[in-house]
Amino acid sequence: IASKLPSVGTTIFTVMSQMAAEHNAINLSQGFPEFPISEELIELVYRNMQMGHNQYAPMPGLPALREEIAQKIAKLYQTEVNPDEEITVTAGATEAIFSTIMALVNEGEEVVVLEPAYDCYIPAIELAGGVPKTVALNPKDFTPDWEKIRDTITEKTRMLVINTPHNPSGAVFSPEDIKELKALLEQNPNLLILSDEVYEHIIFDDKPHLGVLADQELAKRSIAVYSFGKTFHATGWKIGYLVAPTSLTKEIRKVHQYNCFSVNTPAQFALAEFLKDESNYQGIGEMYQKKRDYFVERLAASKFKVIPSYGTYFQILNYDNVSQESDVQFAERLTKEYGLASIPVSAFYQQKTDNKMLRFCFAKGEETLEKAADILCKI
Ligand code: PMP
Ligand code: GLN
């Protein structure tokens, strides 16, 4: 049959995790934490199941959870969002992104994606009949090139996808980037922003997370996407949410209603309770910063060059002092011969790249990070 997504294969995360398992390698490829989630959160799910909260939740999400999300947003971004009309609980950020693109991008409309980009944006754009237009981030520090972005936007452009803190690089938006983004919206009255902020709490070195919700002008034109999987170390739960103005939310919910309808009920009850205590999410940037520092310090004796990571749980290393192989070949050899799995950064590009970079996930215990760093120091 004619494929709707001819260029899509198995994701690099699955490929590398499988290769890691086959070769008994340390798996720093696919991004997921190695440590357990909060006992209290587990207890809350269990208790809610026992209480009989086991049937369908309301389509947009449990009202109590949306209320807590609104309060969290008020605390973090000093803004009021309406939980009934502007917040939708989704099956992870992935479903939020998919439903948003399906609902808002029409046949032939262009969507600008900044590369390297997380892998789920472009297939969704293609399924919606949209046309992805990729713009490379600055290859040295992964900051946006606003001039190139401006040059790529035409009257056909419906949406710009941004991601801060950025997977795979750990780059974060600066106040200057926010200024540029606002200017772009002023110049392009029909443009929408899809802002992937799943790592909003995983940000380092006392930098603030500059999300779209903190700015009224941006919030009016944006769909912001978040993930409890990242925030509570529970990537397997697949629960997230999106925040968008009422008129956009109405359209996005039409897709969510038939793509998913509603999300795991006992987990939503548990999250509503767990969110009441902000210490459950406020300390996680610090916790991950220690892991980043531990990993990076142990690489001081290696030939790999560290590209600074200011957020997420990913660290990019440049290996051009070590090998001239392509990143796909080198990642494969590192897994099979040295027992350490990573992600080749070229997997996040549509355009051809040869930048000799691998992404390592440091959401792991010290012992794992130490073993991984020891391997890298021996190469
Ligand atoms: N966006 C980015 C940048 C991500 O890294 C991820 C998860 N790796 C997602 C979206 C998807 O999040 P979820 O697992 O909640 O669907
Ligand atoms: N977001 C995870 C990463 O970047 C992977 C999620 C997935 O396997 N689809 O590694």
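Which residue in E8 does Ile87 stand opposite? The partner is Val243. This pairing sits in a predicted model, and the report below works outward from it.

**Overall build**

The protein has 16 helices and 13 strands. Its C-alpha atoms fill a box of roughly 55 × 55 × 50 Å along the principal axes. The radius of gyration is 20 Å, which agrees with the value near 21 Å that a compact globule of 379 residues would have.

**The seven-strand sheet**

Ile87 and Val243 face each other across E2 and E8, and these strands belong to an open sheet of seven strands. The strand order is E2-E8-E7-E6-E5-E3-E4, and the pairing is mixed. Strand E2 (87–90) lies at one edge and strand E4 (131–136) at the other; each pairs on one side only. From one strand to the next, the twist averages 20°.

E2 pairs with strand E8 (residues 240–243) in the antiparallel sense, over four bridges. Helix H3 (residues 63–77) packs on this sheet and touches both E2 and E8. The direction of H3 makes about 115° with that of E2.

**The four-strand sheet**

Strands of a sheet pair through backbone hydrogen bonds, either parallel or antiparallel. A further open sheet has four strands in the order E9-E10-E13-E12, with antiparallel pairing. Strand E9 (305–307) and strand E12 (343–344) stand at its edges. Each has a single partner strand, so one side of each is left without a neighbour in the sheet.

E9 and strand E10 (residues 314–318) run antiparallel and are joined by three bridges. Ile307 has Ile316 in E10 as its bridge partner.

**Helix packing**

Two packed helices are described by the angle between their axes and the distance between the axes. Two pairs are set out here.

| Helix pair | Angle | Axis distance |
|---|---|---|
| H3 and H12 (residues 265–274) | about 35° | 8 Å |
| H5 and H11 (residues 246–259) | about 115° | 8 Å |

H3, the helix that packs on the seven-strand sheet, passes H12 in a left-handed crossing. From H3, the contact uses Ala64, Leu65 and Glu68; from H12 come Gln268, Leu271 and Ala272. By class, these residues divide into four nonpolar, one polar and one charged.

H5 passes H11 in a right-handed crossing. H5 supplies Glu95, Phe98, Ser99, Thr100, Met102, Ala103 and Leu104 to this contact. H11 answers with Leu248, Glu251, Ile252, Lys254, Val255, His256 and Asn259. The contact of H5 with H11 divides into seven nonpolar, four polar and three charged residues.

**Ligand surroundings**

Which helix gives the most to the shell around ligand 1? Helix H5 (residues 92–104) does, with three residues. The shell holds 14 residues, and Gly92, Ala93, Thr94, Asn167 and Ser227 come nearest. Nine residues of this shell are polar, three nonpolar and two charged.

Ligand 2 has Thr11, Phe13, Gln30, Gly31 and Asn167 around it. Four residues of that shell are polar and one is nonpolar; no charged residue is present. Asn167 is listed around ligand 2 and is also among the residues that come nearest to ligand 1.

**In brief**

H5 takes part in two settings: H5 packs against H11, and H5 also gives three residues to the shell around ligand 1. H3 likewise has two settings: H3 touches E2 and E8, and H3 packs with H12.

Note on methods
Residues are numbered from 1 along each chain as its sequence is written. Chains are lettered from A and ligands numbered from 1 in the order in which they are written. This is a predicted model: local features need pLDDT of at least 70, side-chain atom pairs count only at pLDDT 80 or more; totals for chains, interfaces and linings use all residues. Two strands pair if DSSP finds at least two bridges between them. Axes are lines fitted to C-alpha atoms, for helices over the stretch in contact, and angles run from 0 to 180 degrees between N-to-C directions. A residue is near a molecule or strand if its C-beta atom, placed from the backbone, lies within 6 Å of it. Ala, Val, Leu, Ile, Met, Phe, Trp, Tyr, Cys and Pro count as nonpolar, Asp, Glu, Lys and Arg as charged, and the others, Gly among them, as polar. A crossing is left-handed if the near helix is turned anticlockwise from the far one by less than a right angle, and right-handed if clockwise. The radius of gyration is taken over C-alpha atoms; the globule rule is 2.2 Å times the number of residues to the power 0.38.
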